[in-house]
Amino acid sequence: MLSIKDLKVSYGESEVIGGLNLELEQGEILAVMGRNGMGKTTLFKSIIGVLGCGPKSSIKIDDVEVAHEPSYKRVRAGLAYVPQGRMIYPTMTVTDNIRVGLETAKSKDIPDYIYELFPVLHEMGKRKGGNLSGGQQQQLAIARALVTEPKVLLLDEPTEGIQPSIIKEMARTLKTIRDMHNISIIVAEQVLSFTLDSCDRFLVMEGGSIVHSSPRADVDAEKIKKFLSV
Ligand SMILES: Nc1ncnc2c1ncn2[C@@H]1O[C@H](COP(=O)(O)OP(=O)(O)O)[C@@H](O)[C@H]1O
Ligand SMILES: [Mg+2]
């Protein structure tokens, strides 16, 4: 569903990702774990096209090459991205925030499944996005991404700044989204309990490279914890 080959990403002269390969199956939820500064956000920004990549790098969504396409074409090809910090529009209503994801869609109606997944967004439709709690804002950001009907959803540290009880619920929600739409999801995370609850496969990044990989069945939680501790 997503195939990345020889991905190279730099900030000016400094190369942060130096030739990364990654394959994602349809319906798979993949965890990309790693401490701060290890390259998770850089990876996501290059997949969605906020950052450019090397001339020989390849990013394919369902066999469509998008590595050198602008972001809007990547969205059209089936990518959606929930950035770290959520980045909802605080002064816009909840409903209008979701409609941002429908900008290029034929219908501006928010599909029912969004409110089935996130009833609170229906109840709070007329409120300003900025007045929602952290967990509600995360739901809003996911809703905005989902209405583009992606094949691949990227979530950058969705549990950041969210209460433990809500984190449990969010793990269930991710699996529900996958089951409902059979889409693929990549979650960048530092919270291992969350990824253990929600993910099918685990990667660990260090210094812009993948240094560890394991399927859910073989996961060595202690080993991953060591990578995550300073
Ligand atoms: N805008 C930027 N300019 C220069 N270096 C950056 C920029 N953003 C991130 N970096 C560097 O890239 C590396 C990876 O950062 P990032 O992708 O944000 O990691 P993570 O998301 O895993 O915390 C870090 O060394 C960070 O300092
Ligand atoms: Mg980050």
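Let's start with the open sheet of 4 strands, ordered E2-E1-E4-E5 and paired in the antiparallel sense. Helices (H or I, at least four residues) and strands (E, at least two) are DSSP runs, numbered from the N terminus, and two strands pair if DSSP finds at least two bridges between them. On the edges sit strand E2 (14–24) and strand E5 (64–65), each pairing on one side only.

A quick word on what we are looking at: this is a predicted model, where local features need pLDDT of at least 70, side-chain atom pairs count only at pLDDT 80 or more, and totals for chains, interfaces and linings use all residues. Residues are numbered from 1 along each chain as its sequence is written, while chains are lettered from A and ligands numbered from 1 in the order in which they are written.

Back to the strands. Strand E1, residues 2–11, is joined to E2 by 8 bridges in the antiparallel sense, and there Leu7 stands opposite Leu20 of E2. Towards E4, E1 also runs antiparallel, with 4 bridges; Ile4 has Ile59 in E4 as its bridge partner. E4 and E5 are antiparallel too, over 2 bridges, and Ile61 is partnered with Val64 in E5. These two strands form a hairpin with 2 residues between them, and Asp62 in the turn has a positive phi of about 50 degrees.

E4 has a nice pattern of side chains. Which ones point to the buried face? Ile59 and Ile61 do, whereas Ser58 and Lys60 point to the other face and are not buried. Buried here needs 20 or more other C-beta atoms within 10 Å of the residue's own; 12 or fewer is exposed, anything in between is partly exposed, and C-beta atoms are placed from the backbone.

Staying with E1 for a moment, look at Asp6, which is found in that strand. Asp6 has a positive phi of about 50 degrees although it is not a glycine. Asp6 counts as partly exposed because it has 14 C-beta neighbours inside 10 Å.

Now the other sheet. Here 6 strands form an open sheet in the order E6-E7-E8-E3-E9-E10, and the pairing is mixed. Its edge strands are E6 (79–82) and E10 (209–215), each pairing on one side only. From one strand to the next, the twist averages 20 degrees; angles run from 0 to 180 degrees between N-to-C directions, with axes as lines fitted to C-alpha atoms, for helices over the stretch in contact. E6 and strand E7 (residues 152–156) are parallel, with 4 bridges, and Ala80 is matched with Leu153 in E7.

H1 packs on this sheet, touching strand E3 (29–33), E6, E7, strand E8 (184–189) and strand E9 (201–206), and its direction makes about 145 degrees with that of E7. Contact means C-beta atoms, placed from the backbone, within 7 Å. Why is H1 largely enclosed by the rest of the structure? Because 8 of its 9 residues are buried. Among them are Lys40, Leu43, Phe44 and Ile47. Just after the helix, Gly49 takes a positive phi of about 100 degrees.

H1 matters for our next stop, ligand 1, as it gives the largest share of the shell around that ligand, 3 residues. The residues around ligand 1 (C-beta atom, placed from the backbone, within 6 Å of it) include Tyr11, Val16, Asn36, Met38, Lys40, Thr41 and Thr42. By type, the shell divides into 3 nonpolar, 6 polar and 1 charged. In that count, Ala, Val, Leu, Ile, Met, Phe, Trp, Tyr, Cys and Pro are nonpolar, Asp, Glu, Lys and Arg are charged, and the others, Gly among them, are polar.

Then the core. The largest nonpolar core has 59 residues, and Val32, Leu154 and Val187 have the most contacts inside it. Such a core is a set of buried Ala, Val, Leu, Ile, Met, Phe, Trp, Tyr and Cys residues joined through C-beta atoms within 7 Å. Helix H6, residues 134–146, gives the most to this core, with 6 residues. Leaving aside neighbours within four places in sequence, Val187 is in contact with residues including Ile29, Val32, Leu155 and Cys199.One last residue: Asn182 lies in the loop between helix H7 (164–181) and E8. Its phi is near 50 degrees, a positive value in a residue other than glycine. With 11 other C-beta atoms within 10 Å, Asn182 is exposed.

Technical notes:
Contact = placed C-beta atoms within 7 Å.
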